[in-house]
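Please open the model in a viewer and keep the sequence panel visible. The tour below proposes one selection at a time and describes what is found there.

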Amino acid sequence: MPAPIDVVIALLSLLLPLAWYYRESLPIIGGRPRASAATAKGAARREDAGDPRDFVGKMERANKRCVMFYGSQTGTAEEYTIRLAKEAKARFGISSLVCDPEEYDFTHLDRVPASHAVFFVVATYGEGDPTDNAQALFEFLADDEAEFSGGGTTLEDLHYVVFGLGNKTYELYQEAARKLDRLLQAKGAKRIGERGEGDDDKSMEEDYLAWKDGMWSAFGAALGVEEGGAGDVADFEVTEVADAPADKVYHGELSARALLANAAAAAGTAPPAGSYNAKNPYPAPVLASKELFAVSAERNCVHIEFDIADSGISYQHGDHVGVWPSNPDAEVDRALAVLGLAAKRQTVINVDSLDPALAKVPFPVPATYEAVFRHYLDISAVASRQTIAFLARYAPTSDAAQAMTRWGTDRAAYEAEVAGPALKLAEVLQAAAGDDTDPDAAPFPAVTKWPIPFDRIVSTVPRLQPRYYSISSSAKLHPTAIHVTAVVLKYAPAPSPLHRAAAGAGPRYVFGLSTNFILNVSRASSGANTPVLEQGTGGALRKTAIDKVPSYRLAGPRNTHFQGAVYRVPIHVRRSTFRLPTSPKVPVIMIGPGTGVAPFRGFVQERVALARRAVEKAGAGALADWAPMHLFYGCRRADEDFLYRDEWDGYAAELGGKFAMHTAFSRGPDRKPDGSKIYVQDLIWEQRATLAPLILDKRAYVYICGDAKSMAKAVEDRLMALLAEHKGGRADVEGAKELKTLKERNRLMLDVWS
């Protein structure tokens with residue numbers, strides 16, 4: 001009988017030659033397995049080994065030649081970063097890491113090889129500031145004494161790309177991107193191509209498209225790589241799941257904790273404990289809601305109150321609340337129909353990333369097709385030209401392909417027929433195929449099916465993001481409630497040559513996604529027009545007429561957002577620096593026409609709460625040395641859209657004459673001597689003799705909230721003029737200098753939008 005060692009030797013002599021012969025197909029000895037979600041997960045585990053804050057180490061382990069950082073406050077910069085990473089892979093076959101800068105240590109920038117590149121996609125936030133998640137990056141680079149990992153202070157070998165996101169209506173347009181560019185160049189880094197700047201006031205998308213091709217040419221030259229050969233590479237693997245446990249399937253829940261909470265509610269057990277934030281929004285019960293505009297007004301403005309008792313959520317005056325809307329019924333129906341998924345709306349899918357460092361799965365899975373379209377993807381946004389051009393390859397007919405290619409490559413045609421009329425992606429697909437786009441046709445039974453792989457939909461359609469609103473209450477008066485004031489967006493866009501409206505149907509309207517969601521919630525909560533399908537989970541959804549408010553399925557995932565006759569809305573709080581001075585002896589000047597008055601309602605309530613405590617403690621004379629508060633407010637008419645008209649006198653009484661409200665009604669009977677309308681900036685000029693000493697001598701704080709495009713600039717111009725007049729100088733010299741000083745010392749703060 002042979003010895004055991006002889007048996008081992010004999011087996012090895014047989015197996016080793018076989019292993020060598022089949023080495024290319026045996027992963028355990030270095031073969032090349034077929035790319036799959038499983039291998040991607042293995043690569044991700046290798047990539048995550050080592051120091052989690054060392055992005056260069058991750059690049060080396062994952063064989064990445066690019067790392068892309070995003071400075072994002074609302075998610076837009078992150079979306080553009082992912083697009084750049086995908087295009088690097090499609091053009092050059094180069095894989096990238098997509099990273100949140102606050103998660104990494106930038107002392108390692110000096111270790112990035114000269115054959116690699118670092119991308120920075122940064123938004124400018126507030127008054128020329130970097131976003132919250134990019135603050136540490138900017139502070140580190142701005143430190144002249146900061147050392148990198150090798151002990152040096154320069155970055156001569158670093159190649160970088162910068163694309164900035166901003167809005168030209170703001171004074172410090174693109175300040176974050178420009179500052180980052182200056183800081184990197186000061187350390188010797190080499191920029192690839194021109195710095196990109198996208199203007200959200202005009203067309204961020206068109207600015208991006210005009211910039212990227214030149215940048216990629218410079219990128220190829222700098223890194224010594226050529227375009228071609230990579231082709232259309234899938235980012236995700238989508239599979240339909242037949243046996244997913246029902247309690248593990250996402251029907252619109254925004255986090256794993258929310259899924260557990262819903263499962264616990266269904267089982268009658270206590271939900272899991274945990275904090276609520278942007279990654280785990282709180283389903284806040286609606287306490288109350290009401291219409292703020294007159295019944296005869298052409299518009300709607302909703303006041304809605306969210307209950308945060310026992311949630312652990314806190315807020316301060318001036319903070320923002322993020323509201324997570326869902327997509328309206330008609331758009332969900334449209335997207336399902338055009339992709340041939342109407343009969344599979346409740347089918348469960350799983351999504352795996354084929355390159356987790358490049359493209360993370362953008363929503364929780366497993367989920368149903370309906371949940372993806374209703375809660376996770378932004379199918380209500382205007383279709384981008386780049387997305388249209390990409391999807392042309394999947395057109396069901398040659399005519400449809402021709403139409404998609406034309407819109408995707410001809411900017412003028414896109415502006416006239418898609419962007420101007422504000423067509424959503426599914427509408428574009430319908431129009432290209434010659435189908436009826438009227439929402440009254442929902443659920444669109446006679447629609448041409450587009451054979452677009454679902455993984456491409458996941459890759460190209462952005463994630464549905466929260467919409468932010470200035471909180472219009474004070475936690476000192478309302479510690480367990482958050483108030484929101486929202487004007488409902490509804491407008492007639494440019495005429496659409498692709499819509500076949502019935503004769504006499506009236507204008508075609510576009511509806512803001514979130515404000516109309518809030519309007520639906522408000523009306524349902526008050527019983528004004530309770531939706532008819534709140535408890536249903538299947539069947540045809542209610543139609544939405546083209547000139548009516550869209551309907552939403554407000555019951556939420558598993559009907560958990562409508563229980564006990566109470567509606568719930570997912571929210572979270574975003575902190576702000578838009579704050580009152582701590583002392584009530586410092587004068588305050590607030591300018592907020594329209595819904596710009598929302599945070600100032602919170603400011604005034606804050607002072608009212610403080611006044612109540614002071615009077616209770618020291619008597620009626622407690623407010624004698626308090627400084628004045630001036631609120632400049634404007635709207636169209638006193639009897640139409642004067643927000644919170646019945647509250648201000650009461651606040652003034654409680655503040656003992658320390659609060660003064662100045663109102664301008666642009667469509668009211670009063671006019672300036674030349675017959676023109678009166679706006680808040682005119683009231684400021686009228687009060688210049690009072691305001692200038694408060695600002696220059698009493699160190700008043702000035703706040704502006706509202707429209708950035710015209711109002712904020714007009715107000716700043718008047719402030720410069722009154723400050724200059726008081727100092728005996730010129731508005732563009734002394735006035736501009738004083739205004740700059742106010743901003744630098746945080747005594748002039750803006751919360752504006754375009």
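**First stop: helix α6**

Begin by selecting the buried residues of α6 together with their surroundings: what covers them includes β3 (117-125), β4 (129-130), α5 (135-142), β5 (159-166) and β6 (190-191). Helices (H or I, at least four residues) and strands (E, at least two) are DSSP runs, numbered from the N terminus. This is a predicted model, in which local features need pLDDT of at least 70 and side-chain atom pairs count only at pLDDT 80 or more, while totals for chains, interfaces and linings use all residues. Residues are numbered from 1 along each chain as its sequence is written, and side-chain values use heavy atoms, with hydrogens and water left out.

Within α6, the buried residues are A176, A177, L180, D181, L183 and L184. They lie on the same side of α6, because they cover an arc of only 165° around the axis; the arc is that of the directions from the helix axis to the C-beta atoms. Buried means under 20% relative accessible area, exposed over 50%, and partly exposed in between (1.4 Å probe, protein chains only).

Next, display the C-alpha atoms at the two ends of α6 (residues 175-186): they are 16 Å apart, which agrees with the 16 Å that 12 residues should span at 1.5 Å a residue. The expected span is 1.5 Å times one less than the number of residues. Just after the helix, G188 takes a positive phi of about 90°.

**Second stop: strands β1 and β2**

Select β1 (residues 66-71) and β2, which pair in the parallel sense over 4 bridges. Two strands pair if DSSP finds at least two bridges between them. The bridge partner of F69 is C99 in β2. Along β2 (residues 96-99), S96 and V98 point one way and L97 and C99 the other way, and all are buried.

C66 is also worth selecting; its relative accessible area is 0%, so C66 is buried. C635 is buried as well, with a value of 10%. The whole structure contains 0 disulfides, a disulfide being a pair of cysteine sulfur atoms within 2.5 Å.

**Third stop: the sheet β8-β12-β13**

Now select the 3 strands that form an open, antiparallel sheet in the order β8-β12-β13. β8 (236-241) and β13 (367-368) stand at the edges with a single partner strand each, so one side of each has no neighbour in the sheet. Strand β12 (residues 348-353) is joined to β13 by 2 bridges, and V348 stands opposite T368.

**Fourth stop: two aspartates in loops**

Is D235 buried or exposed? With a relative accessible area of 8%, D235 is buried; it lies in the loop between α7 (204-223) and β8. Its side chain makes a polar contact of 3.2 Å with the side chain of S459. A polar contact is a pair of N or O atoms within 3.5 Å; within protein, one must be able to donate a hydrogen and the other to accept it, and residues adjacent in sequence count only if both atoms are side-chain atoms. Leaving aside neighbours within four places in sequence, D235 is in contact (heavy atoms within 4.5 Å) with residues including K86, D352 and L358.

Move then to D674, in the loop between β22 (659-665) and α19 (680-686). D674 counts as exposed, at 64% relative accessibility, and its side chain is joined to that of S676 by a polar contact of 2.6 Å.

**Final stop: the whole protein**

Zoom out to view the 22 helices and 24 strands. Buried residues make up 52% of the 754 residues.
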